[in-house]
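New to this one? Here's a quick tour of a few spots worth finding as you look around.

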Amino acid sequence: MLVEETIHWLAIKPDGLYVDATVGLAGHAIEIVRRLGAGGRLVGLDRDVAALEIARRRLEEFKDKVTLVHASFSQIGEVFAERRLPPADGVLADLGVSSMQLDLGERGFSFRARGPLDMRMDRDTEETAADIVNTAGEKALADLLYQLGEERDSRRIARTIVRARPIRDTEHLATVVAGARKVRGRQKLHPATKTFLALRIAVNREMEELGQFLSRVPATLSPGGRWVVLSYHSLEDRPVKQCFQRLAQDGLLKILTRKVIQASEAEIAANPRARSAKMRVAEKIDSDRHETPQGEEWLQ
């Protein structure tokens, strides 16, 4: 998503160190490493082993410039410490679910393909969506759907799920949720969209992971280093915005995007999933530098 904009705002230096903290299928990583010279380096993190293997194959021709690490983006500080990396010139995090995860029914992320209720990004972890759906108490399940999915019909859906247990698979869950939700005019989203989102966030502890990532990135950036974050729903975008504002008030960051950057109509037409993407960019303050940062013209 927003690959052209991402590359622009990272303002890549040929000899720089860049971190793609959610490397996924390497869509952004390929474009970053293509712009690196002999002294440049890309470090890619991901907690999904299957995605890392695809990224490794796609980045094979650049392998001398690339290091891929099986780690969550929340572990960026540990990766820097363990590998004794110097401060980075840019850090990118694309918080979206990869197309591979969504499109493979066996991963259980989507209601559009029948599959097990899994939803784990890191399949070494134990808890699955099936565990939550089939064992959580009704109130706990309703609270989860409301807080993480912003689902207004959370109590009705939770009650219906509990009565329908055991929930067998993604198709079964989607049918149960659709039957429980109130119809409010024309439906733009599938009735199960928010329920699946909430479960995915819970299974992968995404809000906790994001909080840790936001707290650790500043220490990994060099002065003048760029920090680019792509989010896809308000629960993600809100803490990113608040973190950037807080660090800007503390004099640690300069926010480069006064308004979020969103996908162009052309990109949305080619990839409807880009419609919800929101990009925010900040730069670590360098007390010795006072010129206008590259990219400021995009704000006019």
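A quick term first: two strands pair if DSSP finds at least two bridges between them. With that in hand, have a look at strands β2 and β3, and bear in mind that this is a predicted model. After the strands come a cis peptide bond and two residues with unusual backbone angles.

**Strands β2 and β3**
- Strand β2 covers residues 41–46, and it pairs with β3 in the parallel sense, over 5 bridges.
- To pick out one contact, start at L42: its bridge partner in β3 is V66.
- How does the chain get from β2 to β3, and which hand does the crossover have? It goes through helix α3 (residues 49–58), and this β-α-β crossover is right-handed.
- Is β3 mostly covered or open? Strand β3 runs over residues 66–70, and 4 of its 5 residues are buried, so we can call it mostly covered, as buried means under 20% relative accessible area.

**A cis peptide bond**
- Going from R165 to P166, the peptide bond is cis, with omega near 0 degrees.
- You'll find P166 in the loop between α8 (154–164) and α9 (170–180).

**Positive phi without glycine**
- A26 isn't a glycine, yet its phi is positive, at about 75 degrees.
- Look for A26 in the loop between β1 (17–20) and α2 (27–34).
- A26 counts as buried because its relative accessibility is 0%.
- R205 is not a glycine either, and it has a positive phi of about 50 degrees.
- R205 sits in the loop between α10 (193–203) and α11 (206–220).

Terms used:
Residues numbered from 1 in each chain as written. Predicted model: local features only at pLDDT ≥ 70, side-chain atom pairs only at ≥ 80, totals over all residues. Heavy atoms only, no water. Buried < 20%, exposed > 50% of the residue type's maximum accessible area, 1.4 Å probe, protein only. Helix = DSSP H or I, 4+ residues; strand = E, 2+ residues; numbered from the N terminus. Right-handed = clockwise from strand over helix to strand, strands pointing away.
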